[in-house]
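Work through the exercises below with the model open. Try each task before reading its solution.

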2 protein chains.
Amino acid sequence: MPEFRQNMVSKEWVIIATERAKRPVDLVQQKERKNPLPPYKEDCPFCHGNESMTPPSLFSIEKNGVWSLRVVPNKFAALQSHLTTERKHEGRFLKADGFGIAEVVIETPLHNQTIATMDLEEVKNTVVAYRERYTALSKIGQLDLITIFRNYGQKAGTSLEHPHSQIIATPIVPPHVRNPLYQSQLACDTFGDCIYCGMMEEERRQQVRVVKETKYFLVICPFASRSPFETRIYPKTHRSSFVTISDEELADFAFVLQETLKRLYVGLNDPDYNYILRSAPIEDSDVKYHHWYVVIVPKLTTPAGFEIGTGIYINTTLPEQCAEFLRGIQIQ
Amino acid sequence: MPEFRQNMVSKEWVIIATERAKRPVDLVQQKERKNPLPPYKEDCPFCHGNESMTPPSLFSIEKNGVWSLRVVPNKFAALQSHLTTERKHEGRFLKADGFGIAEVVIETPLHNQTIATMDLEEVKNTVVAYRERYTALSKIGQLDLITIFRNYGQKAGTSLEHPHSQIIATPIVPPHVRNPLYQSQLACDTFGDCIYCGMMEEERRQQVRVVKETKYFLVICPFASRSPFETRIYPKTHRSSFVTISDEELADFAFVLQETLKRLYVGLNDPDYNYILRSAPIEDSDVKYHHWYVVIVPKLTTPAGFEIGTGIYINTTLPEQCAEFLRGIQIQ
């Protein structure tokens, strides 16, 4: 029997369509293994030796005199840093200059890696860079929201093979972000505590959707997953913003991020995915009603007219089965 | 210079990234023309002669003793009609049985057509069927929202080639639909009239994004288009629900829907697309603050992590150029 399930925070609904349910194994990517990528490509702006093809580094980590990670301004940025936030009218329509900051985190000099296959040290470098740049961008006036994300593979909207993440800071908190904040605020006003913390408590009690728990993090396939193998990583301690993460938590975060992506990589045969780190708006970096997390969305299905029209996603896979499948994956 | 533009109704923002702007012609689909489809396929449940492969018709239109259009229950429905709307708790989570109604509009007996290539009479049949079923479903208690949509092509999430639309009626109005309603309600409380009517007035004044105007309809590429060639069809007379469309308006709607899809078909070389008819919730079928419309979303780009995370879409094509391009398409 199909069922509606509600996202406890956003109040959006999904349909878990068990009648046409797919087993997790049906979603293993059948793609041919590509020719293994080379460690270096002459025309790749992110490869070691090609540094002149990008703007200078904003931050880097070195080892034995060569860089292991670089953060550079996005050369093809959708937003620019020299503009204003002034709103302008075009008749009855509202617009503003495209002020904002867009950066690229080049996670490793090697062209043929991804987070699931890197050394753990490189993953640590990556999340250290996230924190460094998040902190630096937080201090720039006029920015309101910092979004860190990773597009992996063509179905996830990237054309660049070289391992990288992106950071975009905007002077706007859009309704898409604000609406769930209103909901979590209302819940906090009603019950007196963070609804995300309550959700985690419930997930730990029920256990069926838990993929992994470490000292500082909980990994789950959410109750109201919008698509197969949606997976989320939550800090167990209440923190509204990523900016406050401690060194010890950061090391655990690197471990759990890599381990989760390895489970997907091994279990589903290297699926394309997006992940997004959702942190509170800069102004709300120490509030009771928000809780930062990472959502990983493997691109295994295509949203269609019903999803676009209603925001109600039809998910043909049980989150409980996805979590069980991921728990069972052997990752050496 | 890139710019933010705000959707006047939903208050969501897009980024029009002119620095990496694509010209409309860059988006013409480079796909090879497939082998022309046959008019009949033995294993297609929607083809003439294969009626036993679907449940019996809920509505049909005949000509010379054979059907030209059929509406049938969706055999692989994500929702079922014999369930209840009762909310249930699973610990702290909320769910409900998957009650709802899902139907398929088989638009023609011929396998190898699409709206852009059909006889206008078949397009008329299709929108007549939309109104018939919309009206019938409106009268069933416990349903709150009726969504009519068409998924065309693999990138739009369909695997069935045979020309068809879908109708899904749900017992829930989700936040994704409710939030813009709050905004248009607030605008109506503030200014005393329909914000959509005001937006159309502005578009007609500026003219630059108008693709076509007929007696009853206005076709535009919206100011804050989320993706290239997003195109919307609005009734010029204020109506919150599709259910109230008159016969004369319906004939004009069929014409303008087909003509718009022809412009995309010819201009962009048969792109995949979703279209969605957004009508008010059933209870609000005669309100001042909503206005029904059709949004057509050609699948020319892939939303990535930033779009998923923030709801701010980066659009690399100017809506003004898209409208100009579409106006210039010769459609015999």
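The exercises go from the chain pair to single strands and loops.

The model is predicted: local features need pLDDT of at least 70, side-chain atom pairs count only at pLDDT 80 or more, and totals for chains, interfaces and linings use all residues. Residues are numbered from 1 along each chain as its sequence is written, while chains are lettered from A and ligands numbered from 1 in the order in which they are written.

**Exercise 1. The chain pair**

Task: Find how chain B is superposed on chain A, and how many residues each chain gives to the contact.

Solution:
- Start with the superposition, done by least squares on the C-alpha atoms of residues with pLDDT of at least 70 in both copies.
- A rotation of 180° with 0.0 Å of shift along its axis brings chain B onto chain A, with RMSD 0.0 Å. That is the relation of a two-fold axis.
- In chain B, the residue that comes closest to the rotation axis is Asn179(B), at 4.0 Å (C-alpha).
- The same surface serves both copies, as 100% of the contact residues of chain B recur in chain A.
- Now count residues in contact (C-beta atoms, placed from the backbone, within 7 Å). Chain B gives 64 residues and chain A gives 64 residues.
- Sort the chain B side by class: 31 nonpolar, 20 polar and 13 charged residues. Here Ala, Val, Leu, Ile, Met, Phe, Trp, Tyr, Cys and Pro count as nonpolar, Asp, Glu, Lys and Arg as charged, and the others, Gly among them, as polar.

**Exercise 2. A sheet with strands from both chains**

Task: Give the strand order of the open sheet formed by five strands, and say which strands stand at the edges.

Solution:
- Fix the terms. Helices (H or I, at least four residues) and strands (E, at least two) are DSSP runs, numbered from the N terminus. Two strands pair if DSSP finds at least two bridges between them.
- The order is E15(A)-E2(A)-E1(A)-E6(B)-E5(B), with mixed pairing.
- E15 of chain A and E5 (87–90) of chain B stand at the edges; each has a single partner strand, so one side of each is left without a neighbour in the sheet.
- From one strand to the next, the twist averages 30°. The angle uses axes that are lines fitted to C-alpha atoms, for helices over the stretch in contact, and runs from 0 to 180 degrees between N-to-C directions.
- Look at the join between chains. E1 (residues 3–6) of chain A and E6 (residues 93–97) of chain B run antiparallel, with three bridges. Glu3(A) has Asp97(B) as its bridge partner.
- Check Ile314(A), which lies in E15 (residues 313–315) of chain A. Beyond its neighbours within four places in sequence, Ile314(A) is in contact with Ile15(A), Ala17(A), Phe306(A), Glu307(A) and Ala78(B).

**Exercise 3. Burial along a strand**

Task: Is each face of strand E8 of chain B covered or uncovered?

Solution:
- Apply the cut-offs: a residue is buried if 20 or more other C-beta atoms lie within 10 Å of its own, exposed if 12 or fewer, and partly exposed in between, with C-beta atoms placed from the backbone.
- Eight of the eight residues of E8 (residues 145–152) of chain B are buried, so the strand is largely enclosed by the rest of the structure.
- Split them by face. Leu145(B), Thr147(B), Phe149(B) and Asn151(B) lie on one side, Ile146(B), Ile148(B), Arg150(B) and Tyr152(B) on the other, and both faces are covered.
- Find the partners. E8(B) pairs antiparallel with E9 (residues 164–170) of chain B over five bridges, and Thr147(B) stands opposite Ile168(B).
- E8(B) also runs antiparallel to E13 (residues 273–278) of chain B, joined by five bridges. There Ile148(B) stands opposite Leu277(B).

**Exercise 4. Two positive phi values**

Task: Which loops hold Asn64(A) and Asn269(A)?

Solution:
- Asn64(A) sits in the loop between E3 (59–63) and E4 (66–73) of chain A. Its phi is near 50°, a positive value in a residue other than glycine.
- Asn64(A) is exposed, with 5 other C-beta atoms within 10 Å.
- Asn269(A) is in the loop between H4 and E13 (273–278) of chain A. Its phi is near 65°, also positive.
- Asn269(A) counts as partly exposed, with 13 C-beta neighbours inside 10 Å.

Technical notes
Contact = placed C-beta atoms within 7 Å.
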